[in-house]
Amino acid sequence: MTHRILTTLALAAGLTAGIQPAVAQFEGETLYLFNWSQYMDPAIIENFEQEYGVEVVENYFNSNGEMFAKLQAGGVSQYDVIVPSNYYIPRLIESGLVQPLDHDRLTNLDNLMDTFQDPSFDPGNAYSVAYQWGTTGLVYDRGALGEMPASWSVLFDPQMNPDAPFAVPEDSQVSLGSACAYLGHGYDCQSREALQEAARLMLETKQRDNFVGFIQGTPVLQQLVRGSVSAGITFNGDYLFFKSEDPEGFADIEFVIPQEGAEVWVDNMMIPARAPNPELAHAFIDYILRAEVGAALSNWNYYSSPNAAAIPLLEDILQEPPITPTDEELAVLAFTPSLEGEDLQFLQQLWREVESR
Amino acid sequence: MPKLARDTQHLLLTVTPGVLCILVFLVLPSLYLMGMAFLTNGPYGLPTLPLSLQAFRELAGFGFLGWSPGNLYTLLRSVWQTLLATLIVTLIAYPAAYYISTRPARWRALMLLAVVVPSWTNQVIRSVGWMNILAPGTPLADFAARLGFIEPQMGLFPSQFAVIIGLVYNFLPFMVLPLYAAFEKLDMAQVEAARDLFASPLSAFRHAVFPQTLPGLMAGVVLVAIPAFGMYVVTELLGGGRSMMIGNLVARQFAQASNWPLGAAGALIMIAVTLIGLKVLRNLGRRLGGDREVVL
Amino acid sequence: MSRGRLTAFLRGFWYALMLFLYAPLLVVVVFSFNSINSSARFAGFSLDWYKRLFANDVIMQALWNTAVLATVSTLIAVVIGGMLGYGFYRYRLGRLSWLVWLIYLPVIMPDIVFGIAEMTFFVLINQWLGILAPGLGTMIIAHVTFQVPFVALLVNARLLALDPSLFEAAQDLYASPWQRLSAFLLPTLRPAIAASFLLALTLSIDDFVISFFTAGPESTTLPIYIWSAIRKGVTPEINAIATLMIATVFLIAMLSMLGGRRRRTSDT
């Protein structure tokens, strides 16, 4: 925990040193942030509030689907900044739920690494700016299961885990992608045959007595430490975050990138189409893009920073696995495919079938 | 002012706000939702023209995979879980309501209150209570594991068992109250006569008690089965991956998966099944009650 | 089975039922004082969760929202629903008699359908007119809408139990409608109004689904907070929050008991 206090202090010191009076234009306004849970350093929010004289209202979601549905259910005019993952960005843009960014207001945009400057899912950063990136892998309790290989078989092979409780996420693409990888079609499988095979495996898996339900990456960690789940799918940064909070409880809990393939993702800041305060939203995005803020963010939530200027300020622990993947791991990591049209509906139907049987 | 005109004026004055409220905020939204079921699912889950029966086809299980039974399973599971919960509720509520009606009058109100009060707390909180009791490692879960019902590492929740408990717990008072009202009006002379007439208490119950409490039972079944069939919270919190009900299927189309027309079609089916259920109960009540109206 | 054994069996059954009904609430209350975050083991008495709860702005805001939603919607519903119940009783509706069926609509409509219908409707109105954005306002509207029919039914039932000649007597006794209202109608209906107030209040407190689907970014209520905390897997203060709500419900229960007792003594 000490490192966090230190970085927070450093952050605060850095800010007071360079206090800018120019931001009075937002005095008294409110920013509505819709973010993943356990993903934002409270100190960053406090500093932003102080520097800009504004209030930040935070709301949380647990899956991209939940975020997308909430936007459609009126959220499109109620949130200023949202943080979706790469594969949801094309569908957010095409469904008209987000607005283009005004690059003139994003003075720190050049701080982004080259890889994130012109991503395939949003050429030219027209709508999105990278927030953090990380991986999604297998997490299990060594105490309950013993030493396990870095393989999805821990979840999908009943012989590997005949009786300990396990879960998979409700995010259809992540769950089916992992099943696809286990079947040898790669994490980013897209052919309908492969997906159908993965769904069949998922159905069989779901019928096993020790399957406890669909639990997302962040809550599954809480259940692992409580012992009500022994294996699941989670994110590298959340794993390290909770482990650092409770080293004892997590002593036997392992996070691995399965060798059959797994997800690498980028979460991005976007502005909903009818956001109440797009100017303040731009100011917030630009604030997060500052080198010292970006570093503080990564040092707090343990995810990799897409911010090149922030890299020198990052802690050592972020420069090694599981946060910085090894070369072997990088070789098997893939983006979740961004689906649209019939492919998306096909996948949703498959998943509905998995959930409802 | 003539009386008739004044009456009309008063009628409008007293009734208009309530009727408007229900028309604008209940009838209109419901009609909109029903209409939505006949629209086409747009590329990202919002309803678009043209009018079509696509949502119903999808709900029936027709899609890219040909026909698949998932949604049908969910519907059948909803009916099954509702019936099971209603049956258990009835078995608990009968003796409870009878016992209350035999207590001295000054105790009865308090006892009824004791039955009802837990249902005044929020649904989510009641489920949290059961999560506390049924989670892995609790005495009850350990006991069940020792008896061999579950693996030692598992809890009693999440499970279908927990869902049934949650349903019973949520709706028990709705059965006790009408049954109590029926027992309170019970004609004891008839019961005594039946006790003399029939040897076994069971047949005395069947011929004297049951017919008299039938209206209460039917009212209770309506009050329990309808909300149980539409349950959302208990299945989400206490159920694992295998106890989903139609309410969850519908909610998911608006809260996670984004397919509004499909969700609307599901909502329509929920209302239809509810109405069919009411009709069946009505007929059943009439048959059992010798052509007396016993439901609604 | 002899009568004595039946009674003994029923008494035992009753105690078991009380255990079944109160164990989940009791467990929540007891573990809200647990010094560790566990529902499997009680490690010692502590008020830590309550301290954390009262120091948490988000929870305090949710507490406030819950209170505002319950009281405001109940007050509105009692006025509107009371008038509706009276109107349906007092004035022959003639061709409008089908309106009475409106009252039964919420009974056959599952919560989830109602919540979704409200949500999609509010989204539509918001797109067209820019009003009714999800928030405390839309939640209050939704709550009032499902409370009104229950209040109307209760008031109506009470009126039906009265002797109709009372109304004629009141008509002769008091000249103006307002006098009739304040000197006759309100006092006569006071028990029904009090009962419908409590009923509407408990309906609002009990609801989660409808609130959940009509809520906005700043209108989180305690049940919604608990729900998302469970989904997030972060559950430390949940038992303490739930205990607060359980205590509120028991307060209402005591009020209604006192009310019932007073009514009975005044009847005799």
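Let me start with chain C, whose elements, taken from the N terminus on, run α-α-α-α-α-α-α-α-α-α-α, and I should say at once that what we are looking at is a predicted model. Counted up, chain C has 11 helices and zero strands. If you follow the C-alpha trace of chain C along its principal axes, you will find that the spans are about 70 × 70 × 35 Å. Of the 268 residues in chain C, 43% are buried. As for how the chain meets itself, among the contacts in chain C with a separation of 6 or more, 77% are between residues that stand 24 or more positions apart.

Now to the neighbours of chain C, beginning with chain B. How many residues does each chain bring to the contact between chain B and chain C? Chain B brings 63 residues, and chain C brings 66 residues. On the side of chain B that touches chain C, the helices that each supply at least two residues include α1 (3-36), α3 (70-102), α9 (201-229) and α12 (260-288) of chain B. It is α1(B) that gives the most to this side, with 18 residues. Sorted by class, the side of chain B that touches chain C holds 46 nonpolar residues, 15 polar ones and two charged ones.

Chain C also touches chain A, and here the contact takes 14 residues from chain C and 15 residues from chain A. Two helices of chain C, α5 (111-129) and α10 (222-232), each supply at least two residues of the side that touches chain A, and α5(C) gives the most to that side, with four residues. By class, the side of chain C that touches chain A divides into seven nonpolar, four polar and three charged residues.

Let me turn to chain A itself, where the domain assignment gives domain 1 as 2-133 + 266-319 and domain 2 as 134-264 + 325-356. The C-alpha centres of these two domains of chain A lie 27 Å apart, and the contact between them takes 18 residues from domain 1 and 15 residues from domain 2. On the side of domain 1 that touches domain 2, α3 (64-72), α4 (89-94) and β5 (129-141) of chain A each supply at least two residues, with the largest share, three residues, coming from α4(A). That side of domain 1 has six nonpolar, 10 polar and two charged residues.

Staying with chain A, please look at strand β1 (residues 30-36) and strand β2 (residues 55-61), which run parallel and are joined by seven bridges. To pick out one pairing, Leu31(A) has Val56(A) as its bridge partner in β2(A). Between the two strands, the chain passes from β1(A) through helix α2 (residues 42-52) of chain A to β2(A), in a β-α-β crossover that is right-handed.

I will finish on a single residue, Ala296(A), which has its place in helix α13 (residues 291-301) of chain A. Is Ala296(A) buried or exposed? Ala296(A) counts as buried, because it has 28 C-beta neighbours inside 10 Å, and the cut-off for a buried residue is 20 or more. Finally, Ala296(A) and Asp41(A) are 255 residues apart in sequence, while from C-alpha to C-alpha they are 7.8 Å apart in space.

How values were computed:
Residues numbered from 1 in each chain as written. Chains lettered and ligands numbered in written order. Predicted model: local features only at pLDDT ≥ 70, side-chain atom pairs only at ≥ 80, totals over all residues. Contact = placed C-beta atoms within 7 Å. Nonpolar A, V, L, I, M, F, W, Y, C, P; charged D, E, K, R; others polar. Pairing = 2+ DSSP bridges. Right-handed = clockwise from strand over helix to strand, strands pointing away. Buried ≥ 20, exposed ≤ 12 C-beta atoms within 10 Å, placed from the backbone. Domains from an automatic or database assignment.
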